[in-house]
Amino acid sequence: MVTAYIALGANLGDAASALQQAVTAIRKLPDTSVSKVSSIYKTAPIGSNAERGPVNDYLNAVIEVQTGFNALALLQQLQQIEQAAGRERPYLNAPRRLDLDVLLYGSASIDSPHLTVPHPRMWQRAFVLVPLAEIAPERVGAMQLAAVASQRIERLSLLTG
């Protein structure tokens with residue numbers, strides 16, 4: 001079993017429910033257990049192509065899982081959960097019903113056409129670092145949190161599922 005961290009995000013429809021349902025779906029994956037769950041955070045969109053119209057704030061969270069899937073197989077499972085939730089990818093950084101990203105996979109460093117771990121932009125995003133620091137403070141340093149301190153982020157509630 002490998003410890004992996006997964007970011008969850010949504011800003012279309014009932015985003016809080018989408019995050020809850022995603023955690024429930026991940027709990028049902030074979031050979032995978034959810035060991036830690038962050039709070040839900042409300043964050044402003046980053047790079048969401050504002051010229052296409054107003055964009056809702058996102059709800060975000062991070063979970064820790066223990067999994068027997070290899071990293072690419074885990075990503076494929078997460079993409080199936082996204083598809084079941086109605087995820088569409090009409091353009092880069094489009095608003096979404098559900099977004100699931102593998103942030104960290106054990107101590108692996110992966111750079112493939114399908115998956116990059118650690119997630120390439122996680123260190124630039126408060127919506128990843130703050131919930132990750134909540135459940136795995138040893139994974140996020142004070143300097144990393146300080147680097148994203150200007151990004152608006154608001155803790156809302158605990159994530160269940």
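**Notebook: cores, Asn 60 and helix α3**

I began with Val 102 and looked up its contacts, leaving aside neighbours within four places in sequence: Tyr 5, Leu 74, Leu 75, Leu 78, Leu 115, Thr 116, Val 117 and His 119. I note that the model is a predicted one.

I then turned to the nonpolar cores. The largest has 29 residues, and Val 102 is among those with the most contacts inside it, together with Ile 26, Ile 63, Leu 74 and Leu 100. I listed the elements that give two or more residues to this core: the strands β1 (2–10), β4 and β5 (99–105), and the helices α1 (15–27) and α2 (71–84). I also found a second, separate core of 16 residues, which includes Val 62, Leu 104, Val 128 and Ala 136.

Next I examined Asn 60, which lies in strand β4 (residues 58–67). I entered Asn 60 as buried because its relative accessibility is 4%, under the 20% cut-off. What does its side chain meet in a polar contact? I found the side chain of Thr 43, at 2.6 Å. With neighbours within four places in sequence left aside, I recorded contacts of Asn 60 with Leu 8, Gly 9, Leu 19, Ser 39, Ile 40, Tyr 41, Thr 43 and Phe 127.

Phe 127 led me to helix α3, where it is one of the buried residues. The others I noted are Ala 126, Val 128, Leu 129, Pro 131, Leu 132, Ala 133 and Ile 135. Helix α3 spans residues 126–135, and eight of its 10 residues are buried, so I describe it as largely enclosed by the rest of the structure. Val 128, buried in α3, is also included in the second core.

How values were computed:
Residues are numbered from 1 along each chain as its sequence is written. This is a predicted model: local features need pLDDT of at least 70, side-chain atom pairs count only at pLDDT 80 or more; totals for chains, interfaces and linings use all residues. Side-chain values use heavy atoms; hydrogens and water are left out. Buried means under 20% relative accessible area, exposed over 50%, partly exposed in between (1.4 Å probe, protein chains only). Helices (H or I, at least four residues) and strands (E, at least two) are DSSP runs, numbered from the N terminus. A polar contact is a pair of N or O atoms within 3.5 Å; within protein, one must be able to donate a hydrogen and the other to accept it, and residues adjacent in sequence count only if both atoms are side-chain atoms. Contact means heavy atoms within 4.5 Å. A nonpolar core is a set of buried Ala, Val, Leu, Ile, Met, Phe, Trp, Tyr and Cys residues joined through side-chain atoms within 4.5 Å.
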